[in-house]
Amino acid sequence: MSATASFSIDTPNGPQSVSVAYHRAGSGEPLLLLHGIGHHWQAWEPVLGILATERDVIAVDLPGFGASPALPDGVPYDLASVVPTLGALCAELGIDRPHVAGNSLGGLLALELGREKLVRSVTALSPAGFWSKGEQRYAVTILRAMRQGAAALPLPMIERLSHSAAGRAALTSTIYARPGRRSPEAVVAETLALRQATGFHETLAAGRDVFYLDDVCQISGVPVTVAWGTRDMLLPRRQGIRAKHTIPGARLVRLPGCGHVPMNDDPARVARVILDTSR
């Protein structure tokens, strides 16, 4: 079931309304899924069916991405704004401390939700924030180039490229180690999601100030797993080692043959990591 939740958040200008699109499936303890920058909830489709056999899965379009409208004017896309917004979403949906799994930007948000004790467990797949300044500049440059490429390609060309394995690789090999596994329809949809994301630039700018290595990430009383693909081209896997050392008690899992968005590359392994953490 896909739906939209509307609720109020506190802002410097007083309470303002926010709408968040989401897809919900399955039953069991609640599990919140958070995508990366420029993506949409459909990034989780390869693992959604597996997770839904054991969990009440809520896959979210973050504000300003996918089908979710932008945040109200004047509300920044930083952790201090987006994390409470996700907490308010859970309250609106009647979810008390869900498990959370996030990828990239979503992984960073998942860790912050854990730090704020708003969730029961955290699975962070290639989370942002464990970079050096040089690695951060590299990631920002690649992401901007991906956005520019998505914006420059006419829709008919995107559709033509999506129908061959080589074309899907040209469009998505930066984030997938096995882009040929992604369906043509999914590749077209996520390329358009990247192009149309109203929160892209402000989110990218807000991320420049995030350096988890400058501070021990204290997440107490919440199981934390950090998982990293061995073929991650956007955030190199050495950042996973740093994450392990930065988050006391975190478990580090290697995802062989997976890229930056591993749900597509090895759905069974990724689903198992998430479920094991949430158990």
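**A mixed sheet and the pieces around it**

In this predicted model, strands β3 and β5 pair in the parallel sense over four bridges; helices (H or I, at least four residues) and strands (E, at least two) are DSSP runs, numbered from the N terminus, and two strands pair if DSSP finds at least two bridges between them. Residues carry numbers from 1 along each chain as its sequence is written, and since the model is predicted, local features need pLDDT of at least 70, side-chain atom pairs count only at pLDDT 80 or more, and totals for chains, interfaces and linings use all residues. Side-chain values use heavy atoms, with hydrogens and water left out.

Leu32 has Val100 as its bridge partner in β5. On to the next strand: β5 (residues 99–103) also pairs with β6 (residues 122–125), again in the parallel sense and over four bridges. Here Val100 is matched with Val122 of β6, while Asn103 stands opposite Leu125. As for cover, five of the five residues of β5 are buried, meaning under 20% relative accessible area, with exposed being over 50% and partly exposed in between (1.4 Å probe, protein chains only). That goes for both faces: His99, Ala101 and Asn103 sit on one side, Val100 and Gly102 on the other.

Zooming out, eight strands make up an open sheet with mixed pairing, in the order β1-β2-β4-β3-β5-β6-β7-β8. The edges belong to β1 (2–9) and β8 (251–255); each has a single partner strand, so one side of each is left without a neighbour in the sheet. From one strand to the next, the twist averages 25 degrees. Helix α2 (residues 79–93) packs on this sheet and touches β1, β2 (16–25), β3 (29–34) and β4 (55–60), its direction making about 115 degrees with that of β1. Contact here means heavy atoms within 4.5 Å; axes are lines fitted to C-alpha atoms, for helices over the stretch in contact, and angles run from 0 to 180 degrees between N-to-C directions.

Strand β2 is home to His23, which counts as buried because its relative accessibility is 14%. The side chain of His23 reaches the backbone oxygen of Met1 at 3.4 Å. Beyond its neighbours within four places in sequence, His23 touches Met1, Ser2, Trp41, Leu48, Val57, Ile58 and Ala59.

Away from the strands, helices α4 (residues 133–152) and α8 (residues 200–207) pack at about 175 degrees, with axes 11 Å apart. The pair is therefore roughly antiparallel, the label for angles over 145 degrees (under 35 is roughly parallel, 65 to 115 roughly perpendicular and the rest oblique). Gln136, Val140, Leu143, Arg144 and Arg147 of α4 meet Phe200, His201, Leu204 and Gly207 of α8. These residues split into four nonpolar, three polar and two charged; Ala, Val, Leu, Ile, Met, Phe, Trp, Tyr, Cys and Pro count as nonpolar, Asp, Glu, Lys and Arg as charged, and the others, Gly among them, as polar.

Last comes Ser183, in the loop between α6 (165–172) and α7 (184–196). With 31% relative accessibility, Ser183 counts as partly exposed. A polar atom of its side chain lies 3.0 Å from the backbone nitrogen of Ala186. Ser183 and Ser162 are 21 residues apart in sequence, and their C-alpha atoms are 7.8 Å apart in space.

Note on methods
A polar contact is a pair of N or O atoms within 3.5 Å; within protein, one must be able to donate a hydrogen and the other to accept it, and residues adjacent in sequence count only if both atoms are side-chain atoms.
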